[in-house]
Amino acid sequence: MLASRSWLSRPLHERSTRLFLGVLLASLAVVTLLNLALPAGHTLHVSTYTVTLLGKYLCYALLAVAVDLVWGYLGILSLGHGAFFALGGYAMGMYLMRQIGDRGVYGHPVLPDFMVFLDWQSLPWYWHGFDMAWFAFLMVLLAPGLLALVFGFLAFRSRVTGVYLSIITQALTFALMLAFFRNEMGFGGNNGLTDFKELLGVDLTDDATRLGLFLATGVALALGYVLCRAIVASKLGRVCVATRDAEARTRFLGYRVERFQLFVFVVSAMLAGVAGALYVPQVGIINPGEFSPIFSIEIVLWVALGGRGTLYGAVIGALLVNYAKTVFTGVMPDAWLFALGGLFVLVTVLLPRGIAGLLAYRRPRRAAPDPSTTPREASA
């Protein structure tokens, strides 16, 4: 037990982790203060809409941390983490749909509105249990975790690596997107799940609920970051970095590489599921579009722009890109993807290690960097 506590608490002794947590918690406190203490007409007042938007950004930041864990430290370029994010979101959405009860458009006490519209006679077996919060929250972890376990076991056992693994992960999320688009699947088809009313007995449209979800997302990001730092700073993390840099040599030393890969991949998928579960009640909808391979590629761009292999760089990239997306889609909606592509090319050429690499370059170095926290150079 003492060893376990030491392993989990080790990141709290790192200067970078304390700095990250300090900035995050201070930001949460400032946003809360500006939302509650200042009147709506004040210049510095943060509206509930902005709070919800910031909460969505934090969900994306947690998702980016999950991707950076497997890409930056294992060398696995996953183009399917959008699937884990969506599965966690659907698990939360199913719970929220069951909470509507007879307040839906058709007034059915058990069946969601889309099932009544499609003339379903009874609730599918896989919807049972989602009327209980503990079961739904457990499925938020188990649904993406089990998918990652089965997929990772087959892929890593077969030693599928590199671009082939990336293509397979992309095919996985594309297949799930096509499946969830079908009305016969019982997940709302093209429209997905929406029209949520309450979460844990509180009104989702209430300003206090919106602020509470924002704070909960910030805490989840902090905990997820600490967990990932604990993994990469441990012996497990050193084996992961060795696998990333020289998998064949690591196998020769006697390590069962596929077991390390599988464990970290499953943890990353669960974190992505938590991000999806927090995302759904804040945006008010979950549909098959979240399975889109384009979304998974966009997540990778966040990490690349921020700086992979740093964790905090993934957070920076997710926040900056999504803020830019909010701005530019309003100014030039048709040209947003071109702007994103141009930004990616610009950073790749001028900042090959991302924004985090620029910050590390400007910071005076007091000691040699930890090899587990710096990504492998492209030329290696």
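User: Where is the place of Leu311?

Analyst: This is a predicted model. In it, Leu311 sits in the loop between H12 and H13.

User: What is phi of Leu311 near?

Analyst: Start with the general idea. Most residues other than glycine have a negative phi. Now the case here. Leu311 has a phi near 70°, a positive value in a residue other than glycine.

User: Is Leu311 buried or exposed?

Analyst: Leu311 is buried, because its relative accessible area is 0%. Set Asp119 beside it. Phi of Asp119 is near 65°, again positive in a residue other than glycine. Asp119 belongs to the loop between helix H5 (113–117) and helix H6 (133–157). Its relative accessible area is 57%, so Asp119 is exposed.

User: Before we go on, what does the protein chain average in pLDDT?

Analyst: The chain averages a pLDDT of 86, and 92% of the residues score at least 70.

User: Over which residues does pLDDT stay under 50?

Analyst: The general caution comes before the case. Where pLDDT is low, the predicted coordinates should not be read in detail. Here, pLDDT stays under 50 over residues 374–380. The model has 12 contacts beyond four places in sequence for that stretch.

User: Now the interior. How many residues has the largest nonpolar core?

Analyst: A nonpolar core is built from buried residues joined through side-chain atoms within 4.5 Å. The largest one here has 109 residues. Those with the most contacts inside it are Trp127, Leu193, Leu221, Phe291 and Trp302. Helix H3 (residues 48–74) gives the largest share of this core, 16 residues.

User: Take Leu221. Which residues is Leu221 in contact with, leaving aside neighbours within four places in sequence?

Analyst: Leu221 contacts Phe20, Leu24, Leu58, Ala61, Leu62, Val65 and Val315.

User: And Leu44: buried or exposed?

Analyst: Leu44 has a relative accessible area of 52%, so it is exposed. Leu44 is found in the loop between helix H2 (15–36) and H3. Beyond four places in sequence, Leu44 touches Leu34 and Leu38. Try a backbone distance too. The C-alpha atoms of Leu44 and Val31 are 9.9 Å apart, for residues 13 apart along the chain.

User: What does the side chain of Ser296 reach?

Analyst: The side chain of Ser296 reaches the backbone nitrogen of Gly82 at 3.0 Å. Ser296 is in helix H12 (residues 293–306). With a relative accessible area of 1%, Ser296 is buried. Outside four places in sequence, it touches Leu79, Gly80, His81, Gly82, Ala83 and Thr173.

User: How many salt bridges does the count come to?

Analyst: The general test is a Lys or Arg side-chain nitrogen within 4 Å of an Asp or Glu carboxyl oxygen. The count here comes to eight salt bridges. One of them joins the side chains of Glu14 and Arg229, at 2.9 Å from N to O. Glu14 lies in the loop between helix H1 (2–9) and H2, and Arg229 in helix H8 (residues 207–232), so the pair ties together parts that are 215 residues apart in sequence. Glu14 and Arg229 are both buried.

User: Which residue meets Lys325 in a salt bridge?

Analyst: The side chain of Lys325 meets that of Glu298, at 3.5 Å from N to O. Lys325 lies in helix H13 (residues 312–331) and Glu298 in helix H12, so this pair links parts 27 residues apart in sequence. Lys325 counts as partly exposed at 30% relative accessibility, whereas Glu298 counts as buried at 9%.

User: Lys197 and Asp195 also meet in a salt bridge. What are their relative accessibilities?

Analyst: Lys197 is at 25% and counts as partly exposed. Asp195 is at 34% and also counts as partly exposed. Their N to O distance is 3.4 Å.

User: Which residues are linked in a network of salt bridges?

Analyst: Arg251, Arg256 and Glu258 are linked in one.

User: Last, how many disulfides does the count come to?

Analyst: A disulfide is a covalent bond between the sulfur atoms of two cysteines. The count here is zero.

User: Why is there no bond from Cys228 to Cys240?

Analyst: The cut-off for a disulfide is 2.5 Å between sulfurs. The closest cysteine sulfur to that of Cys228 is in Cys240, 11 Å away, so it is too far for a bond. Cys228 counts as buried at 0% relative accessibility. Cys240 counts as buried at 2%.

Definitions and conventions:
Residues are numbered from 1 along each chain as its sequence is written. This is a predicted model: local features need pLDDT of at least 70, side-chain atom pairs count only at pLDDT 80 or more; totals for chains, interfaces and linings use all residues. Side-chain values use heavy atoms; hydrogens and water are left out. Buried means under 20% relative accessible area, exposed over 50%, partly exposed in between (1.4 Å probe, protein chains only). Helices (H or I, at least four residues) and strands (E, at least two) are DSSP runs, numbered from the N terminus. Contact means heavy atoms within 4.5 Å. pLDDT is the predictor's confidence in each residue, from 0 to 100. A polar contact is a pair of N or O atoms within 3.5 Å; within protein, one must be able to donate a hydrogen and the other to accept it, and residues adjacent in sequence count only if both atoms are side-chain atoms.
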